[in-house]
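The following exercises are to be worked through with the sequence and the structure at hand. Attempt each task before reading its solution.

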Amino acid sequence: MSALLLDGKALSQHIESDLSQRVAAIKSASGRTPILATILVGDDPASATYVTMKGKACQRVGMDSIRLELPSSTTTEQLLAEINTLNQNPDVHGILLQHPVPEQIDERACFDAIALNKDVDGVTCLGFGRMAMGEAAYGSATPAGIMTLLRHYGIPLAGKHAVVVGRSAILGKPMAMMLLNADCTVTICHSRTQNLPDFIKQADIVVGAVGRPEFIKADWVKDGAVVVDAGYHPGGVGDIELKPLASRVSAWTPVPGGVGPMTIATLMAQTVAAAEAQLI
Ligand code: NAP
């Protein structure tokens, strides 16, 4: 069987080129440039890299970004105050608080302080609830990017059994709700799941969102399944043992070049949509 490569890199480039035109249209209609504000708290090098990548993506599509860097000693109150300032700033159209924040900070309270119309990374409880209910909301960027990728390649979803491994607020849970809204039958697995391989063996679609390198073994995945790997670890591996699968699944996301670029493209797309809503 020749498996379909779900090429997130190519699709994200296509999306960005479309976004560049929308940004140009916003500029000519309003005379203003869309702006994404990013907030990085502490000095985690991986988080700093992600924020830099998001700033560069803004440049590629013609948007500006404001980068706030706060020390690792920042308190919840101080971070809330910064978020409130950005909420009030009419020049800022989207706000991204890079996860994770240092442990003394109440991350949930800070995510939820982001104004709904600027929650372009889809992290607020209100946005999640609206998305889950099928109402308009910006989706959490990584699962929303995965849905865009699956839809672009015409992967059949209705009636399929999707098994999502991981239940984090930014990835596993919203992924499960998005697949459910697309009429999949969804199973969510997590660290307390018993007999995980048995669930994965039943999956038509497997989403790996575990955060452990090649944790999901190739022989747990049935022939012909669709395999989506959200993980990225040093050495260029994801959360799924992908290499042996490429020849016997029906479709798969490479690592790198699958889910990662779609996350950034989705953040850009949602920021452009927020700017359109606020400016024109
Ligand atoms: P996370 O917050 O650490 O969540 C990991 C999830 O995996 C948890 O729900 C955990 O279950 C579950 N888990 C841990 N050990 C397990 C086990 N032995 N069996 C079954 N489930 C287990 O991670 P995350 O933020 O969701 O990220 C997941 C992965 O996606 C990571 O590799 C991360 O790097 C990647 N990621 C990629 C992007 C991107 O843009 N490409 C963005 C975000 C994340 P419990 O809830 O029971 O603890």
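**Exercise 1. A salt bridge between two loops**

Does Asp91 count as buried, partly exposed or exposed, and what is its relative accessibility? Identify the salt-bridge partner of Asp91 and locate both residues.

Solution. The model is a predicted one.

Step 1. Buried means under 20% relative accessible area and exposed means over 50%, with partly exposed in between. At 39% relative accessibility, Asp91 therefore counts as partly exposed.

Step 2. The partner is Arg32, and the closest N and O atoms of this salt bridge are 3.4 Å apart. Arg32 lies in the loop between helix 1 and strand 2 (35-41), while Asp91 lies in the loop between helix 3 (76-88) and strand 4 (94-97), so the pair ties together parts that are 59 residues apart in sequence.

Step 3. Arg32 has a relative accessible area of 32% and is thus partly exposed.

**Exercise 2. Helix 1 and its surroundings**

Describe the span of helix 1, its two ends and its buried residues.

Solution.

Step 1. Helix 1 comprises residues 8-30, which makes 23 residues. From first to last C-alpha it reaches 32 Å, close to the 33 Å expected at 1.5 Å a residue.

Step 2. At the N-terminal end, Asp7 acts as a cap, with a side-chain oxygen 3.2 Å from the backbone nitrogen of Lys9. After the helix comes Gly31, whose phi is positive, near 75°.

Step 3. Among the buried residues of helix 1 are Leu11, Ile15, Glu16 and Leu19. The buried residues of this helix pack against helix 2 (45-60), helix 6 (141-152) and helix 9 (259-279).

Step 4. Contacts with residues of higher number can be examined one by one. Arg22, in helix 1, is in contact with Ala269, Val272, Ala273 and Glu276, leaving aside its neighbours within four places in sequence. Pro261, in helix 9, touches Gly8, Lys9 and Ser12, not counting residues up to four places away in sequence. The C-alpha atoms of Pro261 and Lys9 are separated by 5.6 Å, although the two residues are 252 residues apart along the chain.

**Exercise 3. Charged residues with and without a partner**

How many salt bridges are counted? Compare the situations of Glu16, Asp112 and Glu107.

Solution.

Step 1. The count comes to seven salt bridges. One of them joins Arg60 and Glu16, with the closest N and O atoms 2.7 Å apart. This pair links distant parts of the chain, since Arg60 is in helix 2 and Glu16 in helix 1, 44 residues apart. With a relative accessible area of 12%, Glu16 is buried.

Step 2. Asp112 forms a salt bridge with Arg108, the closest N and O atoms being 3.0 Å apart. Being four residues apart in helix 4, these two residues are separated by about one helical turn.

Step 3. Glu107, also found in helix 4 (residues 107-113), is buried yet has no salt bridge. A salt bridge needs the charged atoms within 4 Å, whereas the nearest side chain of opposite charge, Arg108, is 6.2 Å from Glu107.

**Exercise 4. An aromatic pair**

How many aromatic pairs are counted, and what are the ring geometry and the accessibility of the residues involved?

Solution.

Step 1. The count comes to one aromatic pair. The rings of Phe215 and Trp220 have centres 6.1 Å apart and planes at 90°, so the pair is edge-to-face.

Step 2. Phe215, at 25% relative accessibility, counts as partly exposed, whereas Trp220, at 16%, is buried.

Definitions and conventions: Residues numbered from 1 in each chain as written. Predicted model: local features only at pLDDT ≥ 70, side-chain atom pairs only at ≥ 80, totals over all residues. Heavy atoms only, no water. Buried < 20%, exposed > 50% of the residue type's maximum accessible area, 1.4 Å probe, protein only. Lys, Arg positive; Asp, Glu negative; His and termini not counted. Expected span 1.5 Å × (residues − 1). Contact = heavy atoms within 4.5 Å. Polar contact = N/O pair within 3.5 Å; in protein donor to acceptor, adjacent residues only side chain to side chain. Phe/Tyr/Trp six-rings, centres within 6.5 Å; stacked < 30°, edge-to-face > 60°.
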